[in-house]
Each structure stands twice: as C-alpha cells, then as structure tokens.
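Student: Hey, can we go through this one together? I'd like to start with a helix and then wander around a bit.
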Amino acid sequence: MTNEEIPNLTAFDEAALDKAFAALEKQARDAAAALNGAEAVEAFRLHWLGRKQGLLKDVSDRWLKSAPADAKKLLGVRFNALKAVVEGLLDQALGAGPSDAALAAEAIDVTLPGTRRLTGAEHPITKTQNEIIRVFAALGYSVGVGPEVETDYYNFESMNFPPGHPARDTQDTLVIANQDRRSQRDRLLLRTHTSPVQMRTMETQPPPVRIVIPGKVHRNEADDATHSSTFHQVEGLCVDTNITFSDLKGTLDHAMKALFGSSVKTRLFPSFFPFTEPSADVQISCIFCGGKGCRKCKQSGWIELLGCGMVDPAVFAFAAEKQAAYDPKKISGFAFGMGVERIAMMKYGISEIGQFYAGDMRFLEEFV
Ligand code: FA5
C-alpha cells in the first residue's frame, strides 16, 4: 500500500470511520505477518511509522486535519488505536529477532582469514627526524619549533647575513609578494633554513640552552636527484658558559655514530656560514664503501652531511637586545643544521630524493 492509496474520507460518521480504520489495520496486520528478517522489519517501521513519510503521518495529515470539528474526536480515538496496533506489531516483529534462515546466512565463518586493517606508519622523513631528535634528547636537548613563513630579520639579518649576501637574492629565496610598503626586516619569506629559530629561542629563553629544532624549509632551487626545493632540517643550538669547539666535535661525532653505527668516522672540514665562526662541514666516512672510495662518495671516502660552527658573537649581540644574558664575553655556544632527507638517503640507501614526496605506496611500505 502506498501513501497515495489512502482513500479520501467523504463520510465522518462512526460506521464510516470504523470501516476506513479497519481496512488500514488489516493492511498493517497482513504486512506484519509476512515480515522476514531485520531489513523487512525496518522497512515496515519506516513505511508505517516513519516521521516524514510514514503512512500514519499521512493519515494524520489527510484525515485528521481535513475533518469537520465535530468528527475530530472520533477520528483521534481511532487513529491512536491504530497507531497502538502498528507499534504492537512492530514490537512483536522486533522481539521475534531474525529468522533462523537469516541467522544462518549471516553466521561468521571463523575459519576464514581475517581482514588486515592498514593502520598507517611513519613517513621515512618523519621517522628519520624522530631518530635524530631521540639522539639529542638523550643528551638533554629539548625540542622546539618555529614558523615556516619567516621575516627577513630572523631568517637573514639577525643571523648576520650581510646586505647583498647571495642567499637573500630572490633567486634563492621564495619571498611573499606585495610587501613593498614594509621595511626590509619585516618582509615575509619562506624560511630557507631552520637557523632563525636559534634567534627566536634565545630571545625567549636565557642561557643555558640546549635545543633541537626540526622543520620544513624552502629554497628557490631546481629539483634534482639530491636537491629538493622543499626539504627538512634539524637545527641544533647549545649555549652555556665555556662551550668549546671540542664540545661541538664530540657531540656531533657521538650523534653520527648513534645514527649510522659506531664504526663511522667523522671529520670537520672548514666552511663558511655568516652566523658561525669558525664554521665547518661535517663529513662522515662513506657508509657504502667504508671509506675506501666508491661512486656514492665520488671516490673520496667521505660524505658531507651537515653544517656547524661556534655561534658568531654578532648573533649573540642580536639576541642580547632582548635577553641581556647573551653577552658574548660571558657565554659561548655551538650550532649545527642537518638535512633530514640527506641523512635518510644515507641510512636507507636511497638515490632519488623525489621518492620521499611521490606518495608511492610500494616505496613507503618498505619503512613500515
Ligand atoms: C644551512 O642551511 C645552515 N643553516 C646550517 C647550519 C646551521 C650551519 C647552524 C651552521 C650552524 P646548508 O645550506 O648547507 O646550511 O644546508 C644544511 C643541510 O641541508 C645540507 O648539509 C644538506 O644536508 C641539506 N640541504 C641543503 N640544500 C638542500 C636541498 N636543496 N635539498 C635537500 N637537502 C638540502
């Protein structure tokens, strides 16, 4: 029976009403008797008692509302009785539960293999980043973060990049457009390294400081097998009284051994960064050939992994503008910055940096 099949009531005397409601009740009882299974019971419930399109709702709308005032009470009594019958039929059907046939069809075959749910896993970059952090956390370092959209001041000026330094050039740095009205130091850019968080940390925290700062950085560079325009770094900063270059060397030697195995050797090679003096690149003995020389290390036996150095007094002077305790005459410190992709590539023998970003499950599943 569809809702359209509810006849219009033309007579409202008791006999006519009894007849009309009896017909509906018979429909309901016949339908309930034929119910088989939970789905059919639910369909019955919706068909008769559904709040929006149920048959009883329609009866109420079409019969009760159009009835003359003196017939409303007669109709209401019969309507409530019919509703009680339908609800009783539904209760009965629900109480009866699914038929044996339905149960047999739905029974679980415990001998079948289960369904394996993929719960996801750490991306190799996250995994490597966390490994690096763990090594330094064990040495008492805390972990910090900083913004990816950075000001010229933190990314360059306070890091002692002299005016006209090539890294400031828009060819190397991705800058935010339409900032001509801002002063140079307030202009926004995508940070090119995690070093600005050194300054943000010192401005808010007096020495001693031991912190590592993981994060994403961006450079306006062409992608190739070992370079990406977006990559990850972990910055490190240690400031205290009497921190020396040998502390830097010992710390990084320990970290490289913890990451690559105790047989790995490290050496420092002179380098230049505006914010450290002296500066060095850390090289490790090639983990592919053990230092004998191979294609991966360009026959040199060494692979360059990160930059480091003693914090330049000019950087401490910028920090001292907000925290007087960073007086370069009283304190000293070292800093380092490593590329997470490069370390992951070394650890897992990956030759294409682009594989980290391609989202290919065959590659990612290797790290589960
Ligand atoms: C820096 O970014 C310095 N801020 C590091 C530093 C920190 C030095 C503190 C001293 C004190 P550099 O540009 O060399 O330095 O980058 C550091 C590391 O990031 C590199 O050793 C390399 O591992 C990685 N790296 C650099 N460019 C890319 C790139 N395009 N793709 C992937 N990794 C890169």
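Tutor: Sure! In helix H2 (residues 38-49), Arg45 and Glu42 are 3 residues apart, so about one helical turn separates them. Keep in mind that this is a predicted model.

Student: OK, and what does Arg45 form with Glu42?
Tutor: A salt bridge, and the closest N and O atoms are 2.8 Å apart.

Student: Are those two buried or exposed?
Tutor: In between. Arg45 has a relative accessible area of 31%, so it counts as partly exposed. Glu42 is partly exposed too, at 36%.

Student: How many salt bridges does the structure hold?
Tutor: It holds 17. One of them brings together the side chains of Glu131 and Lys347, at 2.9 Å from N to O. That pair links distant parts of the chain: Glu131 sits in helix H6 (residues 124-137) and Lys347 in helix H11 (residues 340-348), 216 residues apart. Lys347 is partly exposed, with 25% relative accessibility.

Student: Got another one?
Tutor: Yep, Asp327 and Lys330 meet through their side chains, 3.9 Å from N to O. Lys330 counts as exposed because its relative accessibility is 62%, over the 50% cut-off. Asp327 is partly exposed at 21%. Elsewhere, Glu14, Asp18 and Arg78 are joined into one network by salt bridges that share partners.

Student: New topic: the ligand. How many residues surround it, and which are the closest?
Tutor: There are 24 around the ligand, and the closest are His193, Ser195, Arg219, Glu221 and Ser228. By class, that shell has 9 nonpolar, 11 polar and 4 charged residues.

Student: Which strands supply at least two residues of the shell each?
Tutor: Strand S5 (230-240), strand S8 (302-311) and strand S9 (332-339) do.

Student: And what lies 2.7 Å from a nitrogen atom of the ligand?
Tutor: A polar side-chain atom of Glu221. Ser228 uses a polar backbone atom instead, 3.0 Å from a ligand nitrogen. Gly339 has a backbone N or O atom 3.5 Å from an oxygen atom of the ligand. On its own the ligand has 680 Å² of accessible area, and the protein covers 91% of that.

Student: Last one: where does Asn155 lie, and is it buried or exposed?
Tutor: Asn155 lies in helix H7 (residues 152-155). It counts as buried, because its relative accessibility is 0% and the cut-off is under 20%. Its side chain makes a polar contact with the side chain of Thr192, at 3.0 Å. Beyond its neighbours within four places in sequence, Asn155 is in contact with several residues, including Phe161, Leu189 and His193.

Terms used: Residues numbered from 1 in each chain as written. Predicted model: local features only at pLDDT ≥ 70, side-chain atom pairs only at ≥ 80, totals over all residues. Heavy atoms only, no water. Near = heavy atom within 4 Å. Polar contact = N/O pair within 3.5 Å; in protein donor to acceptor, adjacent residues only side chain to side chain. Areas by Shrake-Rupley, 256 points an atom, 1.4 Å probe, with all protein chains shown as cover. Helix = DSSP H or I, 4+ residues; strand = E, 2+ residues; numbered from the N terminus. Nonpolar A, V, L, I, M, F, W, Y, C, P; charged D, E, K, R; others polar. Buried < 20%, exposed > 50% of the residue type's maximum accessible area, 1.4 Å probe, protein only. Contact = heavy atoms within 4.5 Å. Salt bridge = Lys/Arg side-chain N within 4 Å of Asp/Glu carboxyl O.
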